[in-house]
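Open the model in your viewer and keep the sequence panel visible. The stops below are given in the order in which to select them.

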Amino acid sequence: MGVKEARINYLDFEIDKLTRSIENVATGDSFSTDINYLSRSDLKEITKKKGWLFNWRIEVNHDDREVYKLTIQGNPTIIQGIVSLKIERDHVYMHLIESAPFNRGKAKVYLGVPGNLVAYACRLSFQRGFEGFVSFHSKTKLIDHYIKTLGAYHFGGRLMIIDTLPAKQLIDKYFKS
């Protein structure tokens, strides 16, 4: 029986705006957010049929991943975005990230969802003693975008790394100390 090799997901999320929380595109109003574990009961709402791009059930079923959902405070049933993280021995690896279908494209409702989720990964990295280090694999066309918007470093190939200083800046932007 052979060992199944893990498939690398090359992430292609766009940081539309670094906001203090998430921001309504039409009104400019900001909304504070909560980040909690994605529950199995949430899975019925986040299907490809409902416009989600990824099969989040697969992510939730991985024992080595932690899957989190972003919601607006006081409105926990509407998921704004999701991130799947793997805790490595010295950093947090961002396996998958997705904005809700209504937060993508020209008609998106809220700005700041991907930035909020990345900032959470950085915060988790500090909480786990990894000095804010987060890594992920990027689609080639977005490498420069992540360098400019997140302060990430291009480590070689398509590997991107966010280290302590940019991680602190992202956390300070999104989370009240």
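How many of the 15 residues of H2 are buried? The model is a predicted one, and in it twelve of those 15 residues are buried, so H2 is largely enclosed by the rest of the structure.

**Stop 1: the whole chain**

Begin with everything shown as a cartoon. The chain holds four helices and ten strands. Read from the N terminus, the order of elements is β-β-β-α-β-β-β-β-α-β-α-β-β-α. Of the 177 residues, 48% are buried. Among contacts with a separation of 6 or more, 63% are between residues 24 or more positions apart.

**Stop 2: helix H2**

Select residues 113–127, which form H2. From first C-alpha to last, H2 reaches 21 Å, close to the 21 Å expected for its 15 residues at 1.5 Å a residue. Now colour the buried positions. The stretch from Val-113 through Pro-114, Gly-115, Asn-116, Leu-117, Val-118, Ala-119, Tyr-120, Ala-121 and Cys-122 is buried, and Leu-124 and Ser-125 are buried as well.

**Stop 3: H2 against H4**

Add residues 164–174, helix H4. Two packed helices are described by the angle between their axes and the distance between the axes. For H2 and H4 the angle is about 120° and the axes are 8 Å apart. That angle makes H2 oblique to H4. Their crossing is left-handed.

Show side chains on both helices. On the H2 side the contact is made by Gly-115, Asn-116, Val-118, Ala-119, Cys-122, Arg-123 and Phe-126. The H4 side supplies Thr-164, Ala-167, Lys-168, Leu-170, Ile-171 and Tyr-174. Sorted by class, this contact has eight nonpolar, three polar and two charged residues. The spacing of such positions can be read against the helical repeat: an α-helix has 3.6 residues a turn, so residues three or four places apart point the same way.

**Stop 4: the loop after H2**

Move just past the end of H2 to Gly-129, where phi is positive, at about 85°. Next select Glu-131, in the loop between H2 and strand E8 (134–137). What is the sign of phi at Glu-131? It is positive, about 60°, although Glu-131 is not a glycine. Most residues other than glycine have a negative phi.

**Stop 5: strand E5, at Val-83**

Go to strand E5, residues 75–87, and pick Val-83 within it. Val-83 has a relative accessible area of 0% and is therefore buried. Leaving out residues up to four places away in sequence, Val-83 touches Trp-56, Glu-66, Val-67, Tyr-68, Met-94, Leu-96, Ile-97 and Leu-117. For one of these, Tyr-68, draw a C-alpha distance to Val-83: the two are 15 residues apart along the chain and separated by 5.4 Å. Leu-117, also in that list, is one of the buried residues of H2 from the second stop.

**Stop 6: strand E5, at Lys-86**

Stay in E5 and select Lys-86. Is Lys-86 buried or exposed? Lys-86 counts as partly exposed, because its relative accessibility is 25%. Beyond residues up to four places away in sequence, Lys-86 touches Asp-64, His-91, Val-92 and Tyr-93. Its C-alpha is 6.2 Å from that of Glu-66, 20 residues away along the chain.

**Stop 7: Leu-43**

Finish in the loop between strand E3 (33–37) and helix H1 (56–61), where Leu-43 is placed. At 3% relative accessibility, Leu-43 counts as buried. Show Leu-38, Trp-56, Arg-57 and Val-60, the residues in contact with Leu-43 once neighbours within four places in sequence are set aside. Leu-43 and Arg-57 are 14 residues apart in sequence, and C-alpha to C-alpha they are 6.5 Å apart. Trp-56, in contact with Leu-43 here, is also touched by Val-83 of the fifth stop.

How values were computed. Residues are numbered from 1 along each chain as its sequence is written. This is a predicted model: local features need pLDDT of at least 70, side-chain atom pairs count only at pLDDT 80 or more; totals for chains, interfaces and linings use all residues. Side-chain values use heavy atoms; hydrogens and water are left out. Axes are lines fitted to C-alpha atoms, for helices over the stretch in contact, and angles run from 0 to 180 degrees between N-to-C directions. Helices (H or I, at least four residues) and strands (E, at least two) are DSSP runs, numbered from the N terminus. Angles under 35 degrees count as roughly parallel, over 145 as roughly antiparallel, 65 to 115 as roughly perpendicular and the rest as oblique. A crossing is left-handed if the near helix is turned anticlockwise from the far one by less than a right angle, and right-handed if clockwise. Contact means heavy atoms within 4.5 Å. Ala, Val, Leu, Ile, Met, Phe, Trp, Tyr, Cys and Pro count as nonpolar, Asp, Glu, Lys and Arg as charged, and the others, Gly among them, as polar. The expected span of a helix is 1.5 Å times one less than its number of residues. Buried means under 20% relative accessible area, exposed over 50%, partly exposed in between (1.4 Å probe, protein chains only).
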